[in-house]
Amino acid sequence: MTGKLFDVPRRGLAGLCALLALAGVIMLTAMADSTMQPLPASAPDGEFSAERALRHLERFATEPRPIGSRAGERARDYLTGQLRAAGLDVRVQRAIGANSAAGLASFGQVNNIVATAKGGDPTGTLVIAAHYDSAAMGPGASDDAAAVAAMLETVRALKGTPLRNDLVLLMSDGEEDGVLGAEAFVREHPLGRAGGVLLNWEARGVSGPSLMFQTSRDNAGLVETFAEAVPHPRGDSTLGELYRLLPNNTDFTPMAESGFTGMNFAYIEGSSRYHTADDSIAHLDRGSLQHHGTNMLALARALGGTDLGALPADHDVTYFRIFGTMVTYPNALVWPLAGLAAAAVAGLAALARRRRLVSLPRLAVAAASGVVPLLLSAALAQGLWEVMVAWRPAYDGMGGLLHRPQAFQAAVVILAAPALLCWYLPLRRRLGPAALAVGALVWPAGLGLLCAQVAPGMSYVLTLPALFCALGGTAAILLRGAVVDGGAARRAAALQVTAVTLGAVVAAALLPALARTAFDGMGLALGGVPALVLALFGLTVLPIVELCLPERGQSFVPLVAAGLAVLLVPIGLARDAFDPANPLRTHLAYVMDADAKTASWVSADVEPPAWTRRYVSGHDTTPLPPGYARGTSLWTGRAPAATGAAAPRVTVLGRDGDTVRLRVSAGRAARSITLRVERPITAATAAADGMTPVSVDVTGVRAGTWPGEIRFRGLPATGAEISLRVPGADRFRLTAVAETDGLQRVPGFVPRPKGVVAATREDGDLVAVTRTYEISAR
């Protein structure tokens, strides 16, 4: 029993036609997921225009706007002026935002812009949110100024459209330093505590469609509104499940946790420019801005005019686009569909056994061994990344998000072929193509069942391909032998190929698109994820693969594929060479020990480029202040002492058991202060003049440095009071670090040349002046 599901004359031609059909489906799916054409400033008043929104960007998004910066103040003045001119009631919430991570307590003085418009007959509050601060390394034209500009253009387009519900525009501060503004909004502001429906807007790149990638729980009403109101809906419930795997959050996180219901949007392509100087207006895709704004305006009208009290539901829905149509169904159907797919695969296996195409032992071995191409594909993709980083160490600092990754992505795609064939070809002789084709479907069906339990919104992307491929295989077997001679036999053979191809269409529409999204969102550093998805796609199309295999020299096919993948690596390295348009990232900081009156340059680059090597020459970290070094392979070099640099000051106000109260200041021109503690901390409180004190609990320890750390971004000129709990430590050291943006004032500093930009590490391009204190029981 080592038969085939079907066999046809001129099998090579039939297989080629089937592959071309599936390739067409993949291409059409990619085209259907494109963004929008930007509208000019002459567009009708009631429509969103990217060109009109761009005019706002040119006024406030041309320089970095980190929390507490003068550029942030200038942006805030412009935005509040525009909102007041539009007739909204505008207030600025001044507060301390707080967040915590392993061993870290983060605080910051935030200035949230809160603009309100009363509705005619409100049933609730609609909150449109985006943050106006940027990372310190770049102007943040996409992250997140594009969404802020879209809010201004949306307000303009809404003129003359009376809304039923109250509208709140929240332009938050301090998102880049731990969603500090949103946390302060929901904790202290009356509108934040009241809750409502939230539309949050973000970006993790500079181009691509605006994706609805996250929702709150019980999202049925929200998704229905999204699907009906938005003219070009993009996004699916798989994105929300994948997003949970990434170490990211947005303002949506604290607001949803506090009780807001809502949706989160972002575009994620061109992510090599994320959090760098190249997140600029010049690199912003106008179509992405248009898509953001068109969605925002449509949802503002829909949710601003509906009964928000009727929006909540008691269940989630699965949602996705296929062939240009948004499909939604209640998650109550996830388990039945997963069970139906499993039953369809079992039915195919039973039919194949009845037709004596497979035996149960061979089928069991085929199914169990199907894990091999999955793991091998992922391993090859991760191995490819290691080779790339070894060849070009600068890639390590980019996190796999490369400027021109297409050749490397193609290599990952191609490597799935030898991974699949190195499993398939040896076993097809012993087990038979039918056993392998049927056994392979156990994996998408089984993983679909697993996802139904742990990630329901993702189950469809596995369940539906398994279901339709099993139905296509069943139809092919039933057609086998239906007629045995003449033209009818040829027609039956054509119908068999058609049935298998149609069964694979759903897999071709869903799985490569998921791999493409994984490439955009996770990059090549996690290339094993899209490789795994592509291997699953390969398992679903094994009958077509069988048709395409040559009669002779089959063993050369995986070798040719592997050779092509290897060839793509130097092509990718040549094509992705760094240049002024696609710059290299490098990390550099200036650190001065105010106690020892010594200074050092510091870089965390794996292999510093020529410009950085002007400043660093070795790995001697002994001149660095106590507790400053973070990581085990820092590059350092001697630096001249900078006269007049802002220095921190810490005064002990008192101690009560394990809790120490400190008064801290950062000195003139310093924007922030960091306290590193040589013992673990379990809690911290921050207070400043005119603002409510905030406390956070801290668990775990910091990696690669002293175990406890407290940050206060946007520190007021008058300083702040910090309390920290350090259990069981009668005496400990604390190093205070005053941080000032930019290296231009350091003697001998030469700016980066074109083609080199600051890395995304948060302690880069800072003048850090330190003092170390001994804190005792008395």
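# Exercises on a predicted model

Leu425 touches Leu549, Gln554, Ser555 and Pro558, leaving out residues up to four places away in sequence. The model is predicted. Each exercise below has a worked solution.

## Exercise 1: Leu425

Task: find which helix holds Leu425, and decide whether Leu425 is buried or exposed.

Solution.
- Step 1. Leu425 lies in helix α14, residues 406-431.
- Step 2. Its relative accessibility is 8%. Buried means under 20%, so Leu425 counts as buried.
- Step 3. Look at one of its contacts, Gln554. Along the chain, Leu425 and Gln554 are 129 residues apart. Their C-alpha atoms are separated by 7.7 Å.

## Exercise 2: Helix α15

Task: explain why helix α15 is described as largely enclosed, and name elements that cover its buried residues.

Solution.
- Step 1. Helix α15 runs over residues 433-440.
- Step 2. List its buried residues: Pro433, Ala434, Ala435, Leu436, Ala437, Val438, Gly439 and Ala440.
- Step 3. That is eight of the eight residues, so α15 is largely enclosed by the rest of the structure.
- Step 4. The cover includes α14, the helix that holds Leu425. It also includes α11 (334-354), α12 (360-369), α16 (442-454), α19 (528-540) and α20 (542-548).

## Exercise 3: The five-stranded sheet

Task: give the strand order of the open sheet, then trace the partners of β17.

Solution.
- Step 1. The order is β14-β15-β20-β17-β18, with antiparallel pairing.
- Step 2. The edge strands are β14 (649-656) and β18 (691-697), and each pairs on one side only. From one strand to the next, the twist averages 20°.
- Step 3. On one side, β17 (residues 683-688) pairs with β20 (residues 720-725) over five antiparallel bridges. Ala687 has Glu721 as its bridge partner in β20. For Ala686, the partner in β20 is Ile722.
- Step 4. β17 also pairs with β18, again antiparallel and over five bridges. Here Ala684 stands opposite Val696 in β18.
- Step 5. β17 and β18 form a hairpin with two residues between them. Gly690, in the turn, has a positive phi of about 75°.
- Step 6. Five of the six residues of β17 are buried, so the strand is largely enclosed by the rest of the structure.

## Exercise 4: Gln93

Task: locate Gln93 and list its contacts beyond four places in sequence.

Solution.
- Step 1. Gln93 sits in strand β1, residues 89-101.
- Step 2. Its relative accessible area is 9%, so Gln93 is buried.
- Step 3. Gln93 touches Val110, Asn111, Asn112, Ala184, Phe185, Glu188 and His189.
- Step 4. Take Asn111. Gln93 and Asn111 are 18 residues apart in sequence and 5.4 Å apart in space, C-alpha to C-alpha.

## Exercise 5: Salt bridges

Task: say how many salt bridges are counted, then work through three pairs.

Solution.
- Step 1. The count comes to 25 salt bridges. The cut-off is a nitrogen-to-oxygen separation within 4 Å.
- Step 2. Arg713 and Asp177 meet at 3.4 Å, N to O. This pair links distant parts of the chain, 536 residues apart. Arg713 is in strand β19, while Asp177 is in the loop between β4 (166-172) and α5 (180-188). Arg713 is buried at 6%, whereas Asp177 is partly exposed at 22%.
- Step 3. Arg187 pairs with Glu183, with the closest N and O atoms 2.7 Å apart. Both lie in helix α5, four residues apart, about one turn of the helix. Arg187 is partly exposed at 28%, whereas Glu183 is buried at 17%.
- Step 4. Arg273 and Asp278 meet at 2.8 Å, N to O. Arg273 is buried at 12%, and Asp278 is buried at 11%.
- Step 5. Elsewhere, shared partners join Arg676, Arg702, Glu709, Arg711 and Glu762 into one salt-bridge network.

## Exercise 6: Arg711

Task: place Arg711 in the structure and list what it contacts.

Solution.
- Step 1. Arg711 is in strand β19, residues 708-713.
- Step 2. With a relative accessible area of 13%, Arg711 is buried.
- Step 3. Leave aside neighbours within four places in sequence. Arg711 then contacts Leu104, Ala105, Ser106, Phe107, Ile673, Thr674, Arg702 and Glu762.
- Step 4. Compare with the network: Arg702 and Glu762 belong to it.

Notes. Residues are numbered from 1 along each chain as its sequence is written. This is a predicted model: local features need pLDDT of at least 70, side-chain atom pairs count only at pLDDT 80 or more; totals for chains, interfaces and linings use all residues. Side-chain values use heavy atoms; hydrogens and water are left out. Two strands pair if DSSP finds at least two bridges between them. Axes are lines fitted to C-alpha atoms, for helices over the stretch in contact, and angles run from 0 to 180 degrees between N-to-C directions. Buried means under 20% relative accessible area, exposed over 50%, partly exposed in between (1.4 Å probe, protein chains only). Contact means heavy atoms within 4.5 Å. A salt bridge is a side-chain nitrogen of Lys or Arg within 4 Å of a carboxyl oxygen of Asp or Glu.
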